[in-house]
Amino acid sequence: MKTPFKLKVVQYLIRIYFERWSFERNPKRHQERMWLKLQKHVLSRSPKYNSLEFQDLKTFPIQEKKEFMGDFNAINTQELDFNEAMEIAVKAENSRDFTPTIKGLTVGLSSGTSGNRGLFVVSENERAMWVAVIIQRVIKWSFKKRKVAFFLRANSNLYSSVQSKLIAFHFFDLLSPMEDHIRRIQQLQPDIVVGQPSLLKLLAEAQKNNSIQIQPQKVISVAEVLSPEDEKTIENTFMVPVQQVYQCAEGMLGQTCKHGNLHLNEDGLIVEKEWLDNNRFIPIITDLRRNTQPIIRYKMNDILHATECTCGSKMQALTTIEGRMDDVLQFGQDKIIFPDFIRRTIIGASPEIDNYQVIQVSYRELSLFISDVELWEAAASALDAFFKSQGIPNIAIFKSDTLRHEKGSKLRRIHAKSSPTM
Ligand SMILES: [Zn+2]
């Protein structure tokens, strides 16, 4: 008999409870055991990896998104064909009907610029696991009935999977007009709101001007970089701390602890670090719980800041996700500027700046958008002074009067040019 989905979620809740306990007792031993199990039960069924069975993780190739997608057919354990799966995912995205599956598996597109979209496939068990992690580590278990308003750029039926007596997910499609969201969320009166920071900020504005009056007990930020400024605005409006979730291609990578630091879920992940300086690193992840489309030594594009946390967990703590490697500005051959410095400089120019964007046009030109045009000069001269202090003279800063943000996509406040023209 097939196990009902909710029962599976409960089984996984118990399993991850013990996995967490086992990790905290002895991280290395726990990960080694999980890695052996993964090789035995999962990688043995992957054409790409079965010949590498029972070898050290370090002998497996590191892959970035492009290679990972290019190797889709060889990596997955279900003999799925990339083109067939892609067709289903694109059809679902266009029709906004996310029920079709392939061989009973859910397919979805991870966001990314067009032409660079990722395809992910998860089984029902993996969906149940995802829900269990969300409930255990983010929403937290409670016997009180709660309504969750979940804003996302729909990309699979992964999220519509939980409705029970205790928890009800209400799904808001980011592509719908903001007026509809405002009306619906006011009616719903959610206990928990989950969404990307740019959306949470719009909700905070709506709350401030009385278009909505909601009292969520939890506000959870996903998908985009949450800057300290946005965090403060959202917290001050809803009077609750903003929790952060770090996830990729529908894997739950981390979430904030009670001390406000993010922790990587190393009880189900092996995270190798490619250090950029003393505390910044790019993570290379191996997901010990995925089995349809194994994720082995997958190099992310994110810049994470390592820290120590006093909450007691041995899972790697982070102060922040600074942004993506695509947001790192490059000037000339060897001068790079991390996005955090640009952000601090602009915010530092005036405490009233809260909506801005920098787009690098070339090695010598940047366009700068500041929503309050009266503050543009101040921000531009602060940037100019900053570049000079870094030994990067003669950067021309142009005024932009629009924010580049395609509806439903992630808002990026800092865009580096991937290969700037001289
Ligand atoms: Zn902590």
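Two strands count as paired if DSSP finds at least two bridges between them. Keep that in mind for the first stop. One caution before we go: this is a predicted model.

Let's start with a small sheet. It is open, has three strands, and runs in the order E1-E2-E3, with antiparallel pairing. Strand E1 (101-102) and strand E3 (118-122) stand at the edges. Each has a single partner strand, so one side of each is left without a neighbour in the sheet. Now look at strand E2, residues 105-110. E2 and E3 are joined by five bridges, in the antiparallel sense. Find Gly-108. Opposite Gly-108, in E3, stands Phe-120.

Next, the helix that goes with this sheet. Helix H5 covers residues 82-95. Its 14 residues should span 20 Å at 1.5 Å a residue, and its end C-alpha atoms are 20 Å apart, which agrees. Which residues of H5 are buried? They are Ala-85, Met-86, Ala-89, Ala-92 and Glu-93. These buried residues cover an arc of only 130° around the axis, which puts them on the same side of H5. What covers them includes helix H4 (72-75), along with E1, E2 and E3. Turn to the face of H5 that points away from the buried side. There you find the exposed residues Asn-83, Glu-87, Lys-91 and Asn-94.

On to a parallel pair. Strand E4, residues 146-152, and E5 run parallel, joined by seven bridges. One residue to look at is Val-148, whose bridge partner in E5 is Phe-169. Strand E5 itself spans residues 167-173. Five of its seven residues are buried, so E5 is largely enclosed by the rest of the structure.

Now the metal. What coordinates the zinc ion? Four residues do: Cys-257 through SG, His-263 through NE2, and Cys-309 and Cys-311, each through SG. The distances are 2.1 to 2.3 Å. Angles among the four donor atoms are 101 to 117°, and the site is tetrahedral. Along the sequence, the donor residues follow the spacing C-x5-H-x45-C-x1-C. Take His-263 and Cys-311 as a pair: they are 48 residues apart and link distant parts of the chain. His-263 sits in strand E10 (residues 262-264). Cys-311 lies in the loop between strand E14 (302-307) and strand E15 (317-324). Is His-263 buried or exposed? With a relative accessible area of 3%, His-263 is buried.

A quick look at one residue, Thr-286. Thr-286 belongs to strand E12, residues 280-287. Its relative accessibility is 0%, and it counts as buried. Leaving aside residues up to four places away in sequence, Thr-286 touches several others, including Trp-35, Leu-57, Gly-268 and Arg-297. Ile-62 is 224 residues from Thr-286 in sequence, yet their C-alpha atoms are 9.9 Å apart in space.

Last stop: helix H11, residues 376-389. H11 has 14 residues and reaches 20 Å from its first C-alpha to its last, close to the 20 Å expected at 1.5 Å a residue. Its buried residues are Trp-376, Ala-379, Ala-380, Leu-383, Phe-386 and Phe-387. They cover an arc of only 125° around the axis, which puts them on the same side of H11. They pack against several elements, among them helix H10 (339-349), strand E18 (356-360) and strand E19 (365-370). On the other side of H11, the exposed residues are Glu-377, Lys-388 and Ser-389. After H11 comes Gly-391, with a positive phi near 75°.

That's the tour.

How values were computed. Residues numbered from 1 in each chain as written. Predicted model: local features only at pLDDT ≥ 70, side-chain atom pairs only at ≥ 80, totals over all residues. Heavy atoms only, no water. Buried < 20%, exposed > 50% of the residue type's maximum accessible area, 1.4 Å probe, protein only. Helix = DSSP H or I, 4+ residues; strand = E, 2+ residues; numbered from the N terminus. Donors = N, O, S within 2.8 Å, 3.2 Å for Na, K, Ca; no water. Tetrahedral: all angles 85-135°; square planar, octahedral: opposite > 155°, others 65-115°. Expected span 1.5 Å × (residues − 1). Arc of directions from axis to C-beta. Contact = heavy atoms within 4.5 Å.
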